[in-house]
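This report describes selected features of one structure, residue by residue and strand by strand. The sequence and the structure are shown first.

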Amino acid sequence: CKCAPGYTGKRCEYLTSLSFVHNTSFVELEPLRTKPEANVTVIFSTTQDNGVIMYDGQNEHLAVELFNGRIRVSYDVGNYPVSTMYSFEMVADGKYHIVELLSVKKNFTLRVDRGMARSIINQGEQEFLRLTSPLYIGGIPPEPGQNAFSQWHLRNLTSFNGCMRELWVNHKQVDFTNAARQQKVTPGCSLLQDEEQMVEEEGARAEDEEEEEEDDDPCLNNQCRRGSKCVAKRPGEYACKCQPGWSGKYCEQAPTCRKEQTREYYSENGCRSRKPVKMAKCEGSCGSSCCRARKTKRRKVRLICNDGTRYTKDVEIVRKCACTKKCY
């Protein structure tokens, strides 16, 4: 299947990138799970200096926004005063940036473009951020927005304007088809001429246009395969930048990442499931990427302990494996 912009998957069933095109755009997701930690990674591009990236909470909250071209974070687990910080980096330049956010109890860490991490601590008696309200991405509806603005959680209520190419929440890539609500967003990053997406989905067309201008370009008759990108090195030399999972000099070696089914007892802390559970794990190679779970589901497993006690636990079962650059 050749997917429409924004869609990925074997049958183009996942919507993984969105353009936010209006100052009231937003996406509503389920509340952010913060125990034992919350981990959010967003890859985005924008030329707008101000805009809401994400917000969850009421009084206790996590707010991330663009403010005067930098990332601004407001973090409050219930300990007065609120903790805030700003990124060193300017990110409203039309290029793609990776913003990593990590909440562990009172501690919050921000990292931009794999650079130096910055951390804040919301000191006080409260240990954890407890969130029960929806997680808003790229903007916020009027009512919760006014509450956040009046308490200085957010410095502006304008929606993010640009493209979110990837959003990962607690190590899972978000499929926006599962969103509770979407307002004034469009699939994909075509409005922003997403170069990398164009290379991935349409081969080396972007390079072909440049090659016409320069006859001695080493990429002119390159051998790069499988939609990989030719990168000129020295005169007469080039290298192939492979798609995730592929490897080899010309990206000719396919990934072997696959799901391996197992049937085994689930055990923890001296307790064991009553019967073997159908499990799965991700095995195989992905070149320089990692073979990880792309899709999981939760199922309830009944456990029996050595002392005779019993309890039920939600266990995550791997449904689908894929090559990813996110090697946590």
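## Buried residues C290 and S45

In this predicted model, C290 is buried, with a relative accessible area of 14%; buried denotes under 20% relative accessible area, exposed over 50%, and partly exposed the range in between, with a 1.4 Å probe and protein chains only. C290 belongs to strand β24. Its C-alpha atom is separated by 5.4 Å from that of C323, although the two residues are 33 apart along the chain. Strands are DSSP runs of E with at least two residues, helices are runs of H or I with at least four, and both are numbered from the N terminus.

S45 likewise counts as buried, because its relative accessibility is 2%. S45 is located in strand β5, residues 38-46. A polar contact links the S45 side chain to the backbone oxygen of G94 at 2.9 Å. Such a contact is a pair of N or O atoms within 3.5 Å; within protein, one atom must be able to donate a hydrogen and the other to accept it, and residues adjacent in sequence count only if both atoms are side-chain atoms.

## Basis of the model

Residues are numbered from 1 along each chain as its sequence is written. The model is predicted, so that local features need pLDDT of at least 70 and side-chain atom pairs count only at pLDDT 80 or more, while totals for chains, interfaces and linings use all residues; side-chain values use heavy atoms, with hydrogens and water left out.

## The sheet containing β24

An open sheet is formed by 4 strands in the order β21-β22-β24-β25, with antiparallel pairing. The edges are occupied by β21 (267-268) and β25, each of which has a single partner strand, so one side of each lacks a neighbour in the sheet. Two strands pair if DSSP finds at least two bridges between them. Strands of a sheet pair through backbone hydrogen bonds, in a parallel or an antiparallel sense.

β21 and β22 are joined antiparallel over 2 bridges, and E268 stands opposite C271 in β22. Between β22 (residues 271-273) and β24 (residues 290-305) there are 3 antiparallel bridges; S273 has L303 in β24 as its bridge partner. β24 pairs with β25 (residues 310-324) in the antiparallel sense over 14 bridges, and R298 stands opposite E316 in β25. The hairpin of β24 and β25 has 4 residues between the strands, and G308 adopts a positive phi near 95° there.

## The second largest pocket

The second largest pocket has a volume of about 1,100 Å³. Of its 35 lining residues, V169, N170, K172, Q173 and T296 are the closest to the centre. Two or more lining residues come from each of β14 (162-169), β15 (172-173), β24 and β25. The largest share, 7 residues, is contributed by β24.

On a 1 Å grid over the protein atoms alone, a pocket is an open set of points with protein on both sides within 12 Å along at least five of seven lines, where a 1.4 Å probe fits; lining residues have an atom within 4 Å of a point. Grid points are joined across faces, edges and corners, and the volume is the space filled by probe spheres set on the points.

## Annotated domain

An unreviewed UniProt entry assigns "domain: Laminin G" to residues 16-189; such annotations may be inferred rather than shown by experiment. This span is 5% helix and 47% strand, and its end C-alpha atoms lie 10 Å apart.
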